[in-house]
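Student: Please take a close look at one part of this model, a single loop position, and then set it against what is packed inside.

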Amino acid sequence: MTTRTREIHLKSRPTGVPTREAFALVETTLAPVAAGQILVRNTWMSVDPYMRGRMVDRKSYIAPFALDAALDGAAVGIVEQSADPAFAIGDHVVHFAGWREHVVLDGGSATRIATDGIAPQTYLGALGFPGLTAYVGLVRIAQARAGETIFVSAASGAVGSTVAQIAKLLGLRVVASVGSRDKAAWLLNEVGVDAVINYREETDLAGALAQAAPEGIDIYFDNVGGEHLEAALAVANDHARFVLCGMIAGYNAESGARGPGNIFLAIEKRIHLQGLIASDHVALFPEFTAVMSDWIRQGKVKLRETVHDGLESAPDAFIGLFKGANTGKMLVRL
């Protein structure tokens, strides 16, 4: 039996901030389910800033998106047909074939998820790669210790808000940077960070950070790059650890992102800078899942989601990431 479905294709490689014209909504017919395969009806899909880099035809840690083909990314769904004994009809699974309403997958490409007390879409955020990124960055790379001060940029996003909350659970003082008063209020009043900088209201970001962290910062979790990285270098203590996770400030630059003008401070202060790609650390998933699941069930990690409805809204959700349109995880409900 075949399935008629819809998927989003990349129609052209954007320059600057992507527009809807770069995407196409396409109808297609899936091949029948073969031995060892499952048919999944996707219920939620993720859009993430790293996907912007995949729209450029260049070598990187992950292959670029192909033109005139379905994009992909993390998604959760329900098994509707199964020719793999490891999966039953009705199982909830997480996989990497998002940007479409249905998909036929080899069973080995999907992972069954528990839904007892945890919403399935959580496996795209706090219990997915954004959460793993936060956990690995703090525990393995930064080796965060109670009493230290951490600066988190884009602290209301999927990764940043999880970093801020894990850091508080580990006993750190957290300084967060966001781009709106509503996001600042959420982080202060609900998440419980110690200080928030609204970078859109500051003419001197380094000065604002120095005021928020008068004893300097020991860790910087970078999701933005640009001026935020320069400010962190200026205020960092000797032997600070910088977790370089993302640099969204430069993702849409047409001539390449500018490096920090004060990078020499990394030498003077003997700063450790390390890039982070979460897929290098999948072996930590069992440990991370157990710890994070407990935190979520106990209410110690608060989840925020910004939701768009319908596959046709996925391009708008993705573009919104570069306009600061999300608090917490940006999701598309299918």
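Tutor: Glycine 108 has a relative accessible area of 80% in this predicted model, so the residue counts as exposed, the cut-off being over 50%. Glycine 108 sits in the loop that links strand 6 (102–106) to strand 7 (111–112). Histidine 95 is 13 residues away from glycine 108 in sequence, and the C-alpha to C-alpha separation of the two is 9.6 Å.

Threonine 149 serves as the contrast. Its relative accessibility is 9%, so threonine 149 is classed as buried, for which the cut-off is under 20%. Threonine 149 belongs to strand 8 (residues 149–152). Leaving aside residues up to four places away in sequence, threonine 149 is in contact with Arg173, Val175, Ala213, Gly216, Ile217, Asp218 and Ile219.

Strand 8 also leads to the nonpolar interior. The largest nonpolar core has 46 residues, and the members touching the most other members are Ile150, Val163, Leu187, Phe221 and Met292. At least two residues of this core come from each of helix 1 (129–141), strand 8, helix 2 (158–169), strand 9 (173–178), helix 3 (181–191), strand 11 (217–222) and helix 7 (285–297). Helix 1 gives the largest share, six residues. Separate from this core is a second one of 22 residues, with Ala195, Ala208, Tyr220 and Leu229 among them.

Note on methods: Residues are numbered from 1 along each chain as its sequence is written. This is a predicted model: local features need pLDDT of at least 70, side-chain atom pairs count only at pLDDT 80 or more; totals for chains, interfaces and linings use all residues. Side-chain values use heavy atoms; hydrogens and water are left out. Helices (H or I, at least four residues) and strands (E, at least two) are DSSP runs, numbered from the N terminus. Buried means under 20% relative accessible area, exposed over 50%, partly exposed in between (1.4 Å probe, protein chains only). Contact means heavy atoms within 4.5 Å. A nonpolar core is a set of buried Ala, Val, Leu, Ile, Met, Phe, Trp, Tyr and Cys residues joined through side-chain atoms within 4.5 Å.
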